[in-house]
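Please read the following report alongside the sequence and the coordinates of the model.

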Amino acid sequence: MYLVANISVDICAATSCKLCTQFCPEANTILYNDEAGKEKGLRYGSAYVSVDRCKGCAQCVWVCDNMAKHNAIKMEMIDLIGDQALTENIHYGEKSTTATLANPFPG
Amino acid sequence: MSLDYVKFTPGFDKWMPKEYRDMVEHGPFGKKTTVSQVGSFKEILEEHPMCAGCAMTLFIRLAIIAFPNPEDTITVGTAGCGRLAISQAAIPFVYGNYGDQNGVASGLSRGLRLRFGDRPKDVVVLAGDGGMADIGFAQTLHSWFRKEKFTTIMLDNEVYGNTGGQESGMTNKGQVLKMAPLGKKFEKMDMLGMAKIAGCAYVATVVPNNPRRVESVIKKAVLIAREVGPTYIQAYTSCNIEYAIPTDKVLEDCKEVEDDRYKFTEYLTDEAKETLSGLYGYKEYLPKPVPAITKN
């Protein structure tokens with residue numbers, strides 16, 4: 001198995017800097033959901049990772065830890081993180097995206 | 001080369017792949033999208049085979065987001081890592097033989113101006129330091145001397161990264177590489193100085209650890225190239241493989257290099273400043289009012 005980035009909605013939606021979306025070298029991989037945090041009563045939306053496109057470079061972790069100083073992103077084994085966003089389940093809206101979460105390794 | 005090519009053929013829309021549907025319905029074509037909105041729209045660049053954590057990919061991604069009119073843009077590249085990503089974008093990409101990218105872009109730019117007249121069609125060359133400063137050096141410089149109206153962007157990773165680590169003209173003096181075990185014996189080429197002498201209207205250096213600056217620089221270079229003349233951007237895009245930079249330290253390296261020898265510089269001719277302020281509303285380049293002379 002291999003590592004992919006996993007963003008904590010609880011931390012991200014409390015701060016919302018969007019830096020990781022700008023610094024990811026992969027296109028259409030770290031996306032933003034305006035409603036993700038509001039569902040939990042938090043102030044902002046949250047970034048999330050389309051894990052099937054993540055190459056595991058951890059640049060977003062460096063950005064979140066050192067530039068934003070939010071420590072919201074951790075590298076985790078893809079088969080152990082449960083339901084995640086996958087490219088085929090991402091829906092683009094007018095100003096935001098949403099993802100139907102699914103297990104990347106069902107069964 | 002226009003909004004006409006980013007739409008569905010009638011009757012085929014439901015059969016198109018999801019990525020294509022997203023691109024047509026939620027892509028940046030015909031809209032004003034910025035780097036700060038990234039993550040909320042479908043990007044032109046798609047999945048690519050470049051190494052994990054590559055700073056060059058980050059720069060290419062930001063550059064493509066920054067194109068002022070992506071639906072009217074053609075990219076030109078050559079052999080090297082960069083074309084692996086540039087060719088995966090939903091805008092036309094022309095692959096020049098090694099080193100002739102600026103020659104190809106010259107013909108393309110002239111042809112598009114003949115064909116489309118006043119409608120802006122932007123040609124942007126994205127090539128590595130080897131393709132531009134070594135093998136394609138003559139064609140690059142000649143296109144600048146001829147005042148060809150297109151943008152040239154050097155993806156400067158200071159090494160031949162795709163072929164195993166040979167030194168290039170842009171490698172720093174003394175640098176030891178896999179295929180340069182004794183260290184490079186000559187100074188890094190001053191392409192910025194040559195671009196200015198050759199008559200480029202806009203010359204800038206940039207590092208991809210400031211996305212909004214990359215966006216601003218690319219936009220200005222493309223807009224000036226439309227109206228005034230050749231523009232040149234030299235971007236530091238480290239090779240984390242050949243320089244053995246851990247992927248999670250790539251941006252740290254970018255910052256160190258920016259502080260050390262790749263500081264942001266920007267050079268514009270007076271004509272370029274007039275174009276930016278007059279045609280495109282860049283207030284910072286408006287002529288400053290002359291203070292009134294008062295008699296004491």
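The report treats a strand pair, two lysines in loops and a helix packing.

This is a predicted model, in which local features need pLDDT of at least 70 and side-chain atom pairs count only at pLDDT 80 or more, while totals for chains, interfaces and linings use all residues. Residues are numbered from 1 along each chain as its sequence is written, chains are lettered from A in the order in which they are written, and side-chain values use heavy atoms, without hydrogens and water.

In chain A, strand 2 (residues 30-33) runs antiparallel to strand 3 and is joined to it by 4 bridges; strands are DSSP runs of E with at least two residues, helices runs of H or I with at least four, and two strands pair if DSSP finds at least two bridges between them. A:Leu31 has A:Tyr48 as its bridge partner. Strand 3 (residues 46-49) is covered on both faces, with A:Ser46 and A:Tyr48 buried on one side and A:Ala47 and A:Val49 buried on the other.

Two lysines have a positive phi, and their accessibility classes are buried (under 20% relative accessible area), exposed (over 50%) or partly exposed (in between), with a 1.4 Å probe and protein chains only.

| Residue | Phi | Loop | Relative accessibility |
|---|---|---|---|
| A:Lys69 | near 60 degrees | between helix 3 (59-67) and strand 4 (73-77) of chain A | 59%, exposed |
| B:Lys147 | about 60 degrees | between helix 6 (137-145) and strand 4 (151-156) of chain B | 42%, partly exposed |

In chain B, helix 2 (residues 55-66) packs against helix 8 (residues 211-227) at an angle of about 55 degrees, with the axes 8 Å apart.

Technical notes:
Axes fitted to C-alpha atoms, helices over the stretch in contact; angles between N-to-C directions.
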